[in-house]
Amino acid sequence: MSIELRNVDYVYDSGEPFEFFALQNINLCVEDGAFVGIVGRTGSGKSTLVEHLNGLLFPTRGEVVVDGTAVRNDRAVLATIRRKVGIVFQYPEDQFFAETVLDEVAFGCRNYGFSKEQVDDSVRRAMQTVGLDPERFMPLSPFQLSGGEQRRVAIASIVAMGQKYVVLDEPTAGLDSRSKLAILTELESLRQSSNVTVILVSHNMDEVAEFCKQVIVLNEGTVAFQGSTDASFRDADLVSRTGLELPESYRLARALQECGSELSVNECSTGRMLDSLRLCITERGEA
Ligand code: ADP
Ligand code: MG
């Protein structure tokens, strides 16, 4: 099963003097169980695209199909789609409303009519998944937490509902690098343990290189590339045309090549790059 977009256009203020084509002829497919990045300059249409995935926006033309069901403005269809696709928006803590973390995380489950036991169980498991100790955090006010903890609460409230597709719009924006890494590592283990599909909108190319095997590059409302993340960063023309920043690992690999170093690294993520560098250095030492 999958999420597919077929010939999707989206026009803001369609028919008005200031109408704006935010998405143009988008065709793409996200397969079950993938960890996919969506990248592109500010204003390239990432958030607009994501809002189509659970029927917050509907295409002006074309269709969005989730596990075979076309998303349309119909109560039953939207209920089905939203049961499958959960979105964590940018700065989700701005939308907190509950008095306790428990109520915040439990809100969606209660709305879906989970029994009290199911709510309790789902909330605890979701909090553990995102690295928050339920006993400690459930009674606290979500407003008194650190930025990283608040982001985890927001992600837990989506994870608790057990949706199959989890979409995150810049979930690590404004967090320190340790919290970023921890949150994404937890999402990766959720993907592995529960076969959840993770769609990550990000500006941070180091995290995209580390976690997303596949990437969708948007440029001025069109898909400039969909495929392997590694291939996207190696495509110099794509990188310059779409304004992608290269991850540190690629910059280092390029710099080493340019200065004719025998240490050749060509690895996708910083972690793997460091491993390959260590290996190169050890082998040279032994030679
Ligand atoms: P991104 O998330 O990649 O930064 P967005 O999807 O937020 O991009 O925006 C894509 C384009 O659509 C931008 O040019 C933006 O100004 C425009 N846009 C976004 N929201 C609206 C809106 N509500 N009304 C009109 N134009 C909008
Ligand atoms: Mg955005």
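Here is a chat about a few spots in this predicted model.

Q: Let's start with the ligand. Which residues are around ligand 1?
A: Quite a list: Y12, F20, A22, R41, T42, G43, S44, G45, K46, S47 and T48.

Q: What's the mix by class in that shell?
A: The shell around ligand 1 has six polar residues, three nonpolar ones and two charged ones.

Q: And which helix or strand supplies at least two residues of it?
A: Two elements do that: strand 2, which runs 20–31, and helix 1, which runs 46–51.

Q: Where does the largest share come from?
A: From helix 1, with three residues of the shell.

Q: OK, backbone next. How far is a backbone N or O atom of G43 from an oxygen atom of ligand 1?
A: That's 2.7 Å for G43. S44 also has a backbone N or O atom by a ligand 1 oxygen, at 3.2 Å, and for G45 the distance is 3.1 Å.

Q: How much of ligand 1's accessible area does the protein cover?
A: On its own, ligand 1 has 560 Å² of accessible area, and the protein covers 61% of that.

Q: Switching topic: cysteines. How many disulfides does the count come to?
A: Zero.

Q: Why doesn't C29 have a bond to the closest cysteine sulfur?
A: Because that sulfur, in C212, is 16 Å away from the sulfur of C29, which is too far for a bond. To count as a disulfide, the two sulfur atoms would have to be within 2.5 Å.

Q: Is C212 buried or exposed?
A: C212 counts as buried, since its relative accessibility is 2%.

Q: And what does C29 count as?
A: C29 is at 26% relative accessibility, so it counts as partly exposed. The cut-off for buried is under 20%.

Q: Last topic, R152. Where does that one lie?
A: R152 is in helix 6, which covers residues 147–159.

Q: Buried or exposed?
A: Buried: the relative accessible area of R152 is 11%.

Q: So what is R152 in contact with, leaving aside neighbours within four places in sequence?
A: With those left out, R152 is in contact with V130, G131 and L132, and also with S179, A182, I183 and E186.

Q: Which of those side chains does R152 join through a polar contact?
A: The side chain of E186, and the polar contact is 3.4 Å.

Q: Can you recap R152 for my notes?
A: Sure: R152 sits in helix 6, is buried, and has a side-chain polar contact with E186.

Methods. Residues are numbered from 1 along each chain as its sequence is written. Chains are lettered from A and ligands numbered from 1 in the order in which they are written. This is a predicted model: local features need pLDDT of at least 70, side-chain atom pairs count only at pLDDT 80 or more; totals for chains, interfaces and linings use all residues. Side-chain values use heavy atoms; hydrogens and water are left out. Helices (H or I, at least four residues) and strands (E, at least two) are DSSP runs, numbered from the N terminus. Buried means under 20% relative accessible area, exposed over 50%, partly exposed in between (1.4 Å probe, protein chains only). A polar contact is a pair of N or O atoms within 3.5 Å; within protein, one must be able to donate a hydrogen and the other to accept it, and residues adjacent in sequence count only if both atoms are side-chain atoms. Contact means heavy atoms within 4.5 Å. A residue is near a molecule or strand if one of its heavy atoms lies within 4 Å of it. Accessible areas come from the Shrake-Rupley method with a 1.4 Å probe; for residues, only the protein chains shown count as cover. Ala, Val, Leu, Ile, Met, Phe, Trp, Tyr, Cys and Pro count as nonpolar, Asp, Glu, Lys and Arg as charged, and the others, Gly among them, as polar.
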